[in-house]
Amino acid sequence: MIIRIFTFILTLLLFAGLTYTVLSLPKQTKGLGETVSLQMHNSGVSNPVTAVLMNFRAYDTLLEMGVLFIALLGVYSLSTSQKEKKPLLQSSVLKRLGGILVPLLLLLSAYLLWIGAHAPGGAFQAGSIVSATGILIFLSGWKLDLSARHFFVRLLIGTSLLVFLLISAVTLFLSHTLLEFPPSYASAFIFLLEAAATVSIGVTLFHLFLSIFSQPKEEH
Amino acid sequence: MEVFLILLPIFGGLLTFLIPKFNKSIGIITLILTLSLVISVASQLLAGGSYYHLLGGWGAPLGINLYVDGLSLVMLGLTALIATGAGIYAGKYFTHKQSLWFWPLWLFLIAGLNALFLSQDIFNFYVTLELIGLASAALTALSDTKEALRGAMRYLLVTLLGSLAYLLGVALLYHGFGSVDIVILSKRIESVPVAWAAMGLMSAGLLLKSALFPLHFWLPPAHASAPAPVSAILSALIIKASIYIQLRLWISLFLPLESFYFEIFFALLGSFAVVWGSVLALVQTRLKLLIAYSTVAQVGYLFIAFSLALGGISVAWSALVYLMLSHALAKSALFLVAGNLLHFHGHDRIVDLDRIAQRLPLSTTAFALAGVSIIGLPLSGGFIGKWFLLEASLKNNSWGITLVILLGGLLAAGYIFKVLGFTFTKAAVAQETKQIPLSMELVPLFFAIMAILLGFFATPMLALIHTGNPFGIIGATP
Amino acid sequence: METLAVEKLFFDILLAASLLFIAYKTLTCKDLFQAIVFFIVFGLLISVAWGRLGAYDVAMAEVVIGAGLTGALLLSALVKLKKMNID
Amino acid sequence: MNTLIVYPLVGIGLFCIGLYALIMQPHLLRKLLAVNIMGSGVFLVLVSLGMSNTNAQQDPVPHAMIITGIVVAISATALALVFMIKIALKTGKAELSNPEEK
């Protein structure tokens with residue numbers, strides 16, 4: 001009870017302090033909006049968020065793909081391999097619905113990937129749609145062996161990091177600067193990175209779901 | 001060269017994941033290559049002084065800058081050294097199934113640490129913190145016992161909380177001063193509420209991650225239950241990584257804010273940590289827990305040094321870095337020895353160590369030598385660190401701190417000799433034992449000898465650390 | 001112009017209040033299943049907020065990842081717990 | 001009149017509610033929900049702070065940072081969920097408490 005009151009007071013004080021801080025800030029603060037828009041013509045894309053993610057701060061994105069990869073490794077390291085994964089829902093309606101939905105969803109993610117260069121969208125949104133598609137396929141009971149035992153599946157998971165490394169090597173070779181894209185090739189590089197990221201994000205998120213879903217009910 | 005320190009472990013980690021058959025050889029080759037890369041970065045640094053790498057060619061504030069100076073270099077060197085040693089140890093330590101996931105996680109952890117020590121960007125720090133946080137939680141859980149899972153879970157929650165508090169601070173700084181680059185921020189920062197709030201949030205988050213008393217509650221269960229090579233890197237480097245960020249932030253951003261109360265605050269917490277951690281280490285009955293509590297105490301020393309350094313005593317910076325280095329080496333030696341004993345006996349109860357001194361002389365020697373450095377006995381690396389620390393405390397006329405340092409040394413002697421004493425005695429019940437591969441004994445011995453040797457090479461090491469004047473000491477040659 | 005500002009004010013305050021309320025419900029309601037449902041609703045609401053703030057990319061990512069996939073992960077974990085008879 | 005100031009305040013509120021629940025709620029799933037809500041709060045502060053009106057030039061840098069943050073959040077959540085399931089398997093409880101029990 002004392003801990004409860006103590007924590008409550010502490011959080012309240014934190015709230016008060018932070019509120020004061022926020023209110024003390026000048027109305028219009030200086031961000032990087034202008035700096036970004038000045039360099040947009042060199043970035044290779046016209047969606048500023050994509051430009052930041054895949055060009056100006058592409059290094060952050062590289063490390064972030066590492067975070068996603070590590071999470072999957074951690075999840076794998078605790079998973080016991082199971083022979084048969086029973087789907088949750090066995091219904092022919094769902095199966096047929098899936099037959100229509102899956103191509104539509106894949107089309108949507110391809111569209112998001114493509115549009116990401118100019119408008120809201122991009123690898124992260126497209127990749128998560130891919131993984132949602134995978135989950136849908138899995139839940140509607142389609143047989144689909146995507147276990148990480150297969151080299152090909154592991155390759156899909158690692159695609160994004162591999163392409164990042166490849167492009168890093170190319171840029172280091174061209175200008176001795178990591179991930180410096182020559183303006184004329186920038187859009188091609190970014191598209192390559194985005195396409196690879198879409199695949200990896202899609203497969204990785206799907207596998208995260210699959211591993212949690214197929215944890216055993218009791219210890220072996 | 002420096003970017004390869006990040007790219008190479010990522011590449012190696014991917015390869016160990018793609019081709020698990022050769023994971024051990026790929027892993028060890030990658031680690032050795034990383035070690036040699038550090039040497040080439042060092043020669044570049046010594047030839048031309050500290051330097052930047054503007055990622056993407058944009059430069060701050062738009063892009064991210066990497067920066068190499070003496071401080072980042074010694075941290076990179078330490079990382080490569082401990083990662084390689086503990087990696088060789090791990091090659092024998094893990095079962096086949098564990099090593100399948102150990103190697104990629106390990107190499108990504110190294111990539112994350114290298115990225116962290118090179119970064120100059122406070123948001124990039126956040127990403128690297130998450131990278132090493134998730135990787136070390138996953139590695140802790142590798143032993144797959146009840147205690148390890150609980151330790152890993154608690155550690156994961158703590159590290160996520162710490163990162164979020166840190167990120168909120170980043171948000172405030174970004175909107176207050178319009179950049180996430182440390183150098184640009186340091187030119188713009190002024191004493192306004194938003195800077196204070198950011199300092200509080202970021203420091204709180206990082207203190208939680210570096211387990212400063214009283215935020216150390218999560219450390220002993222996690223460090224004591226993790227697999228031995230993982231415990232070694234957790235205590236040696238992961239804790240230091242958040243302290244490193246803390247250093248960078250305070251030196252360039254928060255020092256200009258008035259910090260007198262914070263000096264006292266850090267000194268008090270540090271002193272409590274030294275006493276509390278040492279006393280708890282003394283009463284532990286299990287070896288790994290004893291070593292883990294000793295880490296709590298050693299973190300206390302680091303913050304005492306930090307507080308003195310903030311007070312303008314520049315020799316305290318040398319004390320801080322020297323204590324970090326020698327503690328990292330000695331503590332990884334201790335954890336690896338504990339791993340050997342755990343493997344040998346199947347338990348790590350201190351009273352039942354059962355004539356280890358005769359049966360595992362190499363491990364016992366490693367333990368004793370590492371212990372010498374932890375206590376701070378003359379000529380070891382730990383001694384140099386404590387010597388500077390005492391000097392700083394005397395310069396500052398802080399008698400209380402002097403007393404705590406001496407008391408901490410006595411208590412450390414107490415818990416180290418307590419363990420050593422039981423290595424000669426016979427256990428009440430005879431126990432079954434297992435063979436220890438030679439390399440698992442040599443690695444901790446090597447680390448322990450390095451911790452001692454640090455004491456002999458203090459002058460060149462300090463010159464290296466101060467290359468590029470990372471602590472902004474006025475009057476030093478830049 | 002004036003009415004538009006009032007409408008905006010009304011919208012912002014309504015959204016703010018419901019975000020806080022749903023977050024509170026997520027963290028305090030008795031049943032875990034309900035909590036997860038509240039969390040998914042929370043994800044949808046916050047992506048409305050992203051839209052209001054002009055962060056359309058974030059809004060999209062939040063709907064799919066923050067609400068959808070995280071929700072799916074949480075639900076399947078909860079199903080596991082329920083199957084083990086743990087709550 | 002500028003009403004966008006409510007958003008950073010909501011963000012701080014979410015951060016604090018989440019913090020309280022993270023400390024006080026024993027169930028691990030609830031702790032994870034709390035961490036996620038805290039994260040959303042931080043992201044909200046990161047985007048909405050310093051926006052005086054929606055017509056002003058958008059700053060894409062925080063947007064990109066948040067997309068990074070969302071991916072980090074789901075990665076951490078997935079890892080923590082597996083930890084939780086394994087802890088539940090081994091101890092019969094999805095909580096961290098009772099450390100004194102052997």
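**Exercise 1.** Is B:Thr30 buried or exposed?

*Solution.* The structure is a predicted model. Begin with the position: B:Thr30 belongs to helix 2 of chain B, which covers residues 23-48. Next, take the count of surrounding atoms: 26 other C-beta atoms lie within 10 Å of B:Thr30. Then apply the cut-off, by which a residue is buried if 20 or more other C-beta atoms lie within 10 Å of its own. B:Thr30 is therefore buried.

**Exercise 2.** Determine which residues B:Thr30 contacts, leaving aside its neighbours within four places in sequence.

*Solution.* With those neighbours set aside, the contacts of B:Thr30 are B:Leu8, B:Pro9, B:Gly12 and B:Leu107. Consider B:Leu107 further: 77 residues separate B:Leu107 from B:Thr30 along the chain, while the distance between their C-alpha atoms is 8.2 Å.

**Exercise 3.** Describe the contact between chain A and chain B from the side of chain B.

*Solution.* First, count the residues: chain B provides 43 residues and chain A provides 44 residues. Second, identify the elements of chain B that each supply at least two residues to this side: helix 1 (4-18), strand 1 (51-54), helix 4 (96-118), helix 5 (122-140), helix 6 (146-177) and helix 8 (193-209). Third, find the element that gives the most, which is helix 5 of chain B, with 10 residues. Finally, sort the residues of this side by class: 32 are nonpolar, nine are polar and two are charged.

**Exercise 4.** Carry out the corresponding description for chain D where chain D touches chain C.

*Solution.* The contact draws 39 residues from chain D and 36 residues from chain C. On the side of chain D, two or more residues come from each of helix 1 (6-24), helix 2 (28-48) and helix 3. Helix 3 of chain D gives the most, with 13 residues. The classes on this side are 26 nonpolar, 11 polar and two charged residues.

**Exercise 5.** Where does the largest nonpolar core lie with respect to domain 1 and domain 2 of chain B?

*Solution.* Start with the core itself: the largest nonpolar core has 356 residues, and B:Ala305, D:Leu79 and D:Met84 have the most contacts inside it. Helix 3 of chain D (residues 60-91) contributes the largest share of this core, 22 residues. Now turn to chain B: domain 1 (1-257) and domain 2 (259-478) both give residues to this core, so the core lies between them. To examine B:Ala305 more fully, set aside residues up to four places away in sequence; B:Ala305 then touches B:Ala316, B:Ala319, B:Leu320, B:Leu323 and B:Leu389.

Terms used. Residues numbered from 1 in each chain as written. Chains lettered and ligands numbered in written order. Predicted model: local features only at pLDDT ≥ 70, side-chain atom pairs only at ≥ 80, totals over all residues. Contact = placed C-beta atoms within 7 Å. Helix = DSSP H or I, 4+ residues; strand = E, 2+ residues; numbered from the N terminus. Nonpolar A, V, L, I, M, F, W, Y, C, P; charged D, E, K, R; others polar. Core = buried A, V, L, I, M, F, W, Y, C linked by C-beta atoms within 7 Å. Buried ≥ 20, exposed ≤ 12 C-beta atoms within 10 Å, placed from the backbone. Domains from an automatic or database assignment.
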